[in-house]
Each structure stands twice: as structure tokens, then as C-alpha cells.
Amino acid sequence: MEYEDQVQHVPNPKYDCLLFDVDDTLYPLKSGLSAECTKNIIEYMINKLGMEEDKAPEMCVQLYKDYGTTMAGLKAIGYDFDYDDYHSFVHGQLPYEILKPDPIFKKILQSLPIRKVIFSNANKEHIANVLGRLGLEDCFEGVVCFETLNPLNKTDIPDAKAALELNGSKSSTIRSTVTDFINDSCETNAEFPKTPIVCKPFEDAFELALKIAKINPQRTLFFDDSIRNLQTAKLMGLHTVWVGHSNLTKGVDYALESIHNIKEALPELCEAIEKIEDIHFLEKVAIETSA
Ligand SMILES: [Mg+2]
């Protein structure tokens, strides 16, 4: 089914967009893909950046906590490396084959007649690989990813344009803002060195993503496995769903053990769809009866 065919009209829906993280959200943490990714990051820190073997694992976790991604943290504390080199080392060796097609989730997504957009800190190639393995490559209107948030020319051109890669839609542009990167909402230490990388959970990444994808936060439901990402999302006005967890906490509107339970977070929309389906069924019966 073409993506455009999946977006239909539901009268007065509460949401008009579903915004999804990728890793450990569209597939479960227990798949082990993220653990493999962490191993590769640690290997990169040791082999490429020359960090001490016994300190790299702890540093990897700490930088992730402080900066949203280990990569952003490494840049902040002064390591100089090429983004593409990092991504190809960390993701290039990943065993993507452990992810299996998910026809159940695909069907659910295709049954929800509103916009669906990806918002991930990962790079474009990794996201394409994950979506391809899950069989979900046609289910989203567009992808906001590392390259979208961190266009190569942003430091050279003040009004740098960042494009959202959309399926069948025109790209839009946005002024890139990288100031005030560290903010209080994410409980980070304001004295930490700043990173040049724009990523979740920081507000500027959300501001950029919302503008690029033309998303109204008040009418959007955001799915992520990271509580820090969700808490910033909540501050930005988004409605939030914690994926992979069953307990509600601060910043979380819904908690889902599995993304397969997505309809639990969309009762009004599902009700509206059922009504439409009932009307279509009745119309079909009426036509067949009168024929
Ligand atoms: Mg995630």
C-alpha cells in the first residue's frame, strides 16, 4: 500500500501525527541490536580514539547519559573524528538479520489514517536498514535523523537549510539553531562542555524536528523508549508514549509494553476508524441490496 493511501480523513481526530523513535521503540530492546551497537561504540572508542580499554565502557554510558548519544559526548569532550567514519564503524558491523519482518505492526500502522514520521538520533542508513528489516519502509511519511538535525553546512551558513526526506512530499526548510544546547529540563550539568551535535533529548533537536516536519506538538503523539526524550517532548507540548514499559511516570501519558499495543494509546482514533468502517460496511450492504 502506498503511504499516501494510508493517510485518510477521520472527522476531528485528537491527533494528526504519530512521531516515532526507531531503536528499542519499533523493535524490542530484547532483540539485542542496541547491545551490539554499544559494543561497537566501545570498540570505536578504544581502537579509533585510543581510549583505555578499562575506562571506555563506563565513559560510553556516562556520555550517553550526559549528552543523549555517546557520539555527541565524545565531540563535546574534544575528540575529533568523522561522523561518517563513526557511523559506518558502529552500524556497519551490526547483525541486522536479528530483526525480523513485523507484519502485525505494519498492518496496524497502515490501518491508522494519520501522518507517521520518524524522529531518531541515528543516521539515515541505519534507519533505512532497520525499517527494511522490519518491513516498515513504506509506512512513514518521512525521517528526521542525524543528517537532518546536523546538516554538514550548518556552521558555514547561518541560515543553513535542513531537509526532511519525505516519501512523496516536498522537503521543507528550517533555520538551524545549535545554541543553548545543554538545558535544565534534562537534568544535565550546565557546566558540561557543549557538543556541536544536535540530538534528543535536548529541546533544540525537538524544535528543529517539529519545524522541519511541520508538526503541531499539541496534536502529535510521540513514541520513544527513553524517558529523558519523553520528558523533553512533554515540555515541548507533545503527547507521549513510553514504549517497552508498563508503568506511568512523570512526562508520560501512556506506557506500552510493546509497540504492538499502540492502539491502547489511540482509543479515540480507533473509535473514529471503526465508525468509518461501519459506515463503509453499511454503504456497501445498501448498494449490494439495492443492486
Ligand atoms: Mg530509542
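Which residues are buried in helix 7 (residues 124–134)? In this predicted model, they are His-126, Ile-127, Val-130 and Leu-134. The four lie on the same side of helix 7, because they cover an arc of only 100 degrees around the axis. To see this in the structure, look along helix 7 and follow these residues around the axis.

The next step is to ask what lies over that side. The buried residues of helix 7 are covered by elements that include helix 5 (83–92), strand 2 (115–119) and strand 3 (142–144). At the end of the helix, the residue that follows is Gly-135, and its phi is positive, near 75 degrees.

From here, move along the chain to helix 9 (203–212). Ala-209 is part of helix 9. Is Ala-209 buried or exposed? A residue is called buried if 20 or more other C-beta atoms lie within 10 Å of its own. Ala-209 has 27 other C-beta atoms within 10 Å, so it is buried. Some of its surroundings come from other parts of the sequence. Apart from neighbours within four places in sequence, Ala-209 is in contact with Phe-119 and Val-144. Phe-119 falls in strand 2 (115–119) and Val-144 in strand 3 (142–144). Both strands are also among the elements that cover the buried residues of helix 7. Another residue to find is Val-143: 66 residues separate it from Ala-209 along the chain, while their C-alpha atoms are separated by 9.5 Å.

The loops on either side of helix 9 hold two further backbone features. In the loop between strand 4 (165–166) and helix 9 lies Pro-201. The peptide bond that joins Lys-200 and Pro-201 is cis, with omega about 10 degrees. In the loop between helix 9 and strand 5 (220–224) lies Lys-214. Lys-214 is not a glycine, yet its phi is positive, near 55 degrees. Lys-214 counts as partly exposed, because it has 15 C-beta neighbours inside 10 Å.

A positive phi also appears in an earlier part of the chain, at Asp-24. Where does Asp-24 lie? Its place is the loop between strand 1 (17–20) and helix 2 (33–47). The phi of Asp-24 is about 65 degrees, although this residue is not a glycine. With 19 other C-beta atoms within 10 Å, Asp-24 is partly exposed. The count of 19 does not reach the 20 or more required for a buried residue, so Asp-24 is not placed in that class.

Definitions and conventions
Residues numbered from 1 in each chain as written. Predicted model: local features only at pLDDT ≥ 70, side-chain atom pairs only at ≥ 80, totals over all residues. Helix = DSSP H or I, 4+ residues; strand = E, 2+ residues; numbered from the N terminus. Buried ≥ 20, exposed ≤ 12 C-beta atoms within 10 Å, placed from the backbone. Contact = placed C-beta atoms within 7 Å. Arc of directions from axis to C-beta.
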